[in-house]
Amino acid sequence: MIGAGGVAGVAAYKCCQNNAVFSDLMIASRTLSRCDALKARLLEKFGGKGGGNAACGGATASGVCIDKSAALTNISTAQVDADDTAQLVALIRSFKPDIVINVALPYQDLSIMDACLETGVHYVDTANYEPPDTAKFEYGWQWAYRERFRNAGITALLGSGFDPGVTGVFCAYAQKHYFDDIHEIDILDANAGDHGLPFATNFNPEINIREITANGRYFENGAFVETRPLEIKRVYNFPEIGDKDIYLLYHEELESLAANIRGIRRIRFWMTFSEKYLTHLKVLENVGMTSIRPIVFDGREIIPLQFLKAVLPDPASLGPLTKGKTNIGCIVRGAKGGKPKDYYVYNVCDHEECYRETGAQAISYTTGVPAMIGASMLLTGAWKGPGVFNIEEFDPDPFMGALNVFGLPWKESFEPELLNG
Ligand code: NDP
């Protein structure tokens, strides 16, 4: 596992819980002390005994076997600069993993994919590659690796977080079980958690703010339509959360879903933001603090957004503070047997419960659980085939089963409230 931040903490915890699949885990990141601290937390939590999962005592319908009697996952740690492929190759050669789970930052995707190619090891990530100097949210760079991964006989699974990740699996599940044709998808991401701080982001602030301050975009009738940032707003009454303001954003899974869901006419992504959050963001943007263009300060070049990240709370520190729930899901509209059909599939996650279990809030939790599940799909052979794949290209059923086992149960509705317009 590369990275030792909020998402890595949950993914590593879930690997230990799924210890029949993950017998050995190396946590490698830029700062060794964070890897060691995570290892110490895991050893304390699992007490040197097998992880297992109270919810399930053996093989499950999902094909994921949880063996409570298996020994604790062996955990080792290492320092690595994941921007440096040579360092990664040396580390992979010394540890000899079957898979690399990339939960560092999107900037490292390509150097890690290069190292996987050189060493013949499978690859999983949770966010598409981003060049540090421009915010693009495009899969093109990683899709360009398809032939090389195919030729090497290894698999790269892209976007195995929640969104992207579970949202793609939800769409594939809807397509497989409920629709002949899908016409419209709305992905709804609500975070009704409150950490009590004036302003903080729930995951890496740099990536989060780049995403929100970019232009909005959605797919309609074969092309992407661009909007100004946060230009389109609606109110949606979320199950278990209630009414929330939602804003249309571009999100990377729109690109792959537009290509992989047959017959799709429109697909949009919506996220909730509070007034307070948006006001802080607006001020920071107006004074230039969210810019990714370098400036010279005190004779040194700095990037304002990276400086802002340094003064904002570490997302990992929000765990003990955050109360409330998230609700992330997909409203799918289409046809079955010549009749119109609506379907809503979603997960509700409670910040405090996530913290009690893993020491992390729900945003890290909802990303770390699917990162582990995606890796286990490849390790157990439930998903296989050489090449580079987005998550909706695989059979959704084993993944959907594993979500129920590993802490992200989902619910369905066939008469959902629809978005107005
Ligand atoms: P954090 O900032 O908490 O953690 C990132 C980790 O990566 C840190 O441990 C950091 O090291 C390490 N890292 C950064 N650069 C390097 C490098 N060059 N070499 C080695 N390690 C490095 O981020 P999160 O845990 O919140 O997010 C992790 C990933 O998950 C991101 O890519 C994010 O975009 C993605 N994500 C995906 C979601 C989804 O639903 N699909 C949702 C939320 C996040 P250090 O400790 O030294 O800083």
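These exercises work through the fold, surface and cysteines of a predicted model.

**Exercise 1. Find how many helices and strands the protein chain has, and decide how compact the chain is.**

Step 1. Count the elements: the protein chain holds 14 helices and 17 strands.
Step 2. Compare the radius of gyration with the globule rule. The radius is 21 Å, close to the 22 Å that the rule gives for 421 residues, so the chain is as compact as a globular protein of that length.
Step 3. Add the outline. Along the principal axes, the C-alpha atoms fill a box of roughly 65 × 55 × 45 Å.

**Exercise 2. Describe burial, contacts and surface in the protein chain.**

Step 1. Start inside: 55% of the 421 residues are buried.
Step 2. Take the contacts with a separation of 6 or more. Residues 24 or more positions apart account for 73% of them.
Step 3. Move outside. The chain exposes about 17,100 Å². Carbon and sulfur atoms supply 49% of that area.
Step 4. Check the charges. There are 39 positive and 51 negative side chains. The centres of the two sets lie 2 Å apart.

**Exercise 3. Explain why Cys35 and Cys330 form no disulfide.**

Step 1. Search the whole structure: 0 disulfides turn up.
Step 2. Recall the cut-off: the two sulfur atoms must be within 2.5 Å.
Step 3. Test Cys35. Its closest cysteine sulfur, in Cys16, is 14 Å away, so the pair is too far apart for a bond. Cys35 is buried, at 0% relative accessibility.
Step 4. Test Cys330. Its closest cysteine sulfur belongs to Cys171, at 4.0 Å, which is also too far for a bond. Cys330 is buried, with a relative accessible area of 0%.

Methods. Residues numbered from 1 in each chain as written. Predicted model: local features only at pLDDT ≥ 70, side-chain atom pairs only at ≥ 80, totals over all residues. Heavy atoms only, no water. Helix = DSSP H or I, 4+ residues; strand = E, 2+ residues; numbered from the N terminus. Rg over C-alpha atoms; globule rule 2.2 N^0.38 Å. Buried < 20%, exposed > 50% of the residue type's maximum accessible area, 1.4 Å probe, protein only. Contact = heavy atoms within 4.5 Å. Areas by Shrake-Rupley, 256 points an atom, 1.4 Å probe, with all protein chains shown as cover. Lys, Arg positive; Asp, Glu negative; His and termini not counted. Charge placed at Lys NZ, Arg CZ, Asp CG, Glu CD.
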